[in-house]
Amino acid sequence: MPPKEFTEKGKLWVRYVSPTPATVVDVLKLKEALEKRLVNGKARDVGICPIRENLFQQCFDELIRQITINCSERGFLLVRVRDEFR
């Protein structure tokens with residue numbers, strides 16, 4: 001997977017994909033980080049919320065990365081599903 005480039009607060013960031021398989025602890029940390037960011041970002045629980053949508057997109061992308069490392073075919077299928085939803 002190619003690196004992602006994004007700009008935040010006027011700075012260019014490049015995020016590279018880690019080839020290290022995820023552990024159960026990594027998945028739990030991801031879940032906790034998602035929940036923390038939802039609260040800190042004041043994401044709404046119901047209705048349309050761009051903050052919530054963005055955080056879940058980031059979480060789904062990370063899950064795809066973790067799955068792709070273990071099984072590339074499954075990961076590429078998830079990328080296709082994600083892209084169709086977008």
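These legends go with four close-up views of a predicted model.

**View 1. The hairpin built from β1 and β2.** Here strand β1, residues 4-8, runs alongside strand β2, residues 11-15, and the two pair in the antiparallel sense. Five bridges link β1 and β2. Toward the turn, look for E8, which stands opposite K11 in β2. Two residues sit between the strands, and K9 is in that turn. As background for this view, side chains in a regular strand alternate between the two faces of the sheet.

**View 2. Two lysines, K9 and K42, with positive phi.** Most residues other than glycine have a negative phi, so what's going on with the backbone here? K9 isn't a glycine, yet its phi is positive, at about 55 degrees. K9 lies in the loop between β1 and β2, and its relative accessible area of 83% makes it exposed. Now switch to K42, in the loop that joins α1 (24-40) and α2 (50-70). K42 isn't a glycine either, and its phi is positive at about 55 degrees. With 70% relative accessibility, K42 also counts as exposed.

**View 3. Helix α2 packed against helix α3.** Two packed helices are described by the angle between their axes and the distance between the axes. For α2 and α3 (residues 72-85), the angle is about 155 degrees and the axes are 6 Å apart. Anything over 145 degrees counts as roughly antiparallel, so that's the label for α2 and α3. Who touches whom? On the α2 side you'll find F60, D61, I64, I67, T68 and N70, and these meet S72, R74, G75, F76, L78, V79 and R82 of α3. Sorted by type, the residues in this contact come out as six nonpolar, four polar and three charged.

**View 4. Cysteines C49 and C59, with no disulfide between them.** A disulfide is a covalent bond between the sulfur atoms of two cysteines. How many turn up when the whole structure is searched? Zero. C49 is in no disulfide, and the nearest cysteine sulfur to it belongs to C59, 15 Å away. Why is C59 unbonded? Its closest cysteine sulfur, in C49, is 15 Å off, which is too far for a bond; the cut-off for a disulfide is within 2.5 Å. Are these cysteines buried or exposed? C49 counts as buried, at 7% relative accessibility, and C59 counts as buried too, at 13%.

Key
Residues are numbered from 1 along each chain as its sequence is written. This is a predicted model: local features need pLDDT of at least 70, side-chain atom pairs count only at pLDDT 80 or more; totals for chains, interfaces and linings use all residues. Side-chain values use heavy atoms; hydrogens and water are left out. Two strands pair if DSSP finds at least two bridges between them. Helices (H or I, at least four residues) and strands (E, at least two) are DSSP runs, numbered from the N terminus. Buried means under 20% relative accessible area, exposed over 50%, partly exposed in between (1.4 Å probe, protein chains only). Axes are lines fitted to C-alpha atoms, for helices over the stretch in contact, and angles run from 0 to 180 degrees between N-to-C directions. Angles under 35 degrees count as roughly parallel, over 145 as roughly antiparallel, 65 to 115 as roughly perpendicular and the rest as oblique. Contact means heavy atoms within 4.5 Å. Ala, Val, Leu, Ile, Met, Phe, Trp, Tyr, Cys and Pro count as nonpolar, Asp, Glu, Lys and Arg as charged, and the others, Gly among them, as polar.
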